Amino acid sequence: MLSDVVCVRCPRSCLIRVAVEEGSVKSVEGYGCRLGFEYAVEEVTNPKRTVCSTVRVVGGRYPRLPVRTSEPVPKSKIREVVEALRGVTVKAPVRRGEVIVRNVAGTGADVVAEMDVEPEAA
Ligand code: SF4
C-alpha cells in the first residue's frame with residue numbers, strides 16, 4: 001500500500017511517499033530530512049494528534065476551561081480521551097499547565113489547563 005503524506009514539520013511541505021507491505025514500512029521517498037522521514041513513518045503506522053477540548057469550571061470567572069493533552073495521543077484513542085473529559089469539573093482557581101487528568105484513557109498523556117482561571121469576584 002502506498003500512502004502520500006505532506007510533511008508539516010517545516011514550511012517546505014515535502015510530499016513523502018511511504019510504501020507499506022504486510023504491516024512493515026518498505027520504502028520512504030521524498031523527504032527532505034530525518035524529521036520528515038520520522039513524521040511520515042509515524043503518520044502512516046501510528047498517527048497521533050494533540051487533543052484540545054474544554055472542561056467545566058465551578059467558582060471561576062469563566063464557565064469552561066480550555067485543556068489539551070500534554071503530548072499527541074494515538075488517533076485511535078481520541079474518542080476515549082474526549083469521553084474521559086465529559087463530566088470533568090474543576091474548581092477555580094486553576095493555573096495554566098496544571099494537570100487536570102493524569103494518564104487520560106491510558107495513553108500516558110496528561111490533560112493540562114491551557115489558561116489561568118481566577119475565582120469568581122465576590
Ligand atoms: S521533510 Fe524535512 S525539509 Fe521536508 S517539510 Fe519535513 S521537515 Fe521540512
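User: Which residue is the bridge partner of Thr69 in S10?

Analyst: This is a predicted model. Strand S6 covers residues 64–69 and strand S10 covers residues 111–113. The two pair in the antiparallel sense. In S10, Thr69 finds its bridge partner in Val111.

User: How many bridges join S6 and S10?

Analyst: S6 and S10 are paired strands of antiparallel sense. Their bridges number three.

User: In what order do the five strands of the open sheet stand?

Analyst: The pairing in this sheet is mixed. S5 and S6 pair in the antiparallel sense, whereas S5 and S8 run parallel. The order is S8-S5-S6-S10-S9.

User: Why is one side of strand S8 and of strand S9 left without a neighbour in the sheet?

Analyst: The sheet is open, in the order S8-S5-S6-S10-S9. Strand S8 (89–91) and strand S9 (99–101) stand at its edges, so one side of each lacks a neighbour there. Behind this is the count of partner strands for each: a single one.

User: By what angle are neighbouring strands of this sheet turned against each other on average?

Analyst: The five strands form an open sheet. Direction is ignored for this angle. The average turn between neighbouring strands is 45°.

User: Which residues stand opposite Arg56 in S6 and partner it in S8?

Analyst: S5 pairs with S6 over five bridges and with S8 over three. On the S6 side, Arg56 faces Arg64. On the S8 side, the bridge partner of Arg56 is Thr89. The residues are Arg64 and Thr89.

User: Which residue in the turn of the S5 and S6 hairpin has a positive phi?

Analyst: Five residues lie between S5 and S6 in this hairpin. One residue in the turn has a positive phi of about 70°. That residue is Gly59.

User: Is Glu80 buried, exposed or partly exposed?

Analyst: Glu80 sits in helix H2. Helix H2 (residues 78–85) lies across strand S5 (52–58), S6, S9 and S10. Being buried takes 20 or more C-beta neighbours within 10 Å, and being exposed takes 12 or fewer. Glu80 has 16 inside 10 Å, so its class is partly exposed.

User: How many charged residues are in the shell around the ligand?

Analyst: Residues around the ligand include Cys7, Arg9, Cys10 and Arg12. By class, the shell has six nonpolar and three polar residues. The charged residues number two.

User: What distance separates the centres of domain 1 and domain 2?

Analyst: The domain assignment gives domain 1 as 2–45 and domain 2 as 52–113. Their centres are taken over C-alpha atoms. The separation is 31 Å.

Methods:
Residues numbered from 1 in each chain as written. Predicted model: local features only at pLDDT ≥ 70, side-chain atom pairs only at ≥ 80, totals over all residues. Domains from an automatic or database assignment. Pairing = 2+ DSSP bridges. Helix = DSSP H or I, 4+ residues; strand = E, 2+ residues; numbered from the N terminus. Axes fitted to C-alpha atoms, helices over the stretch in contact; angles between N-to-C directions. Contact = placed C-beta atoms within 7 Å. Near = placed C-beta within 6 Å. Nonpolar A, V, L, I, M, F, W, Y, C, P; charged D, E, K, R; others polar.
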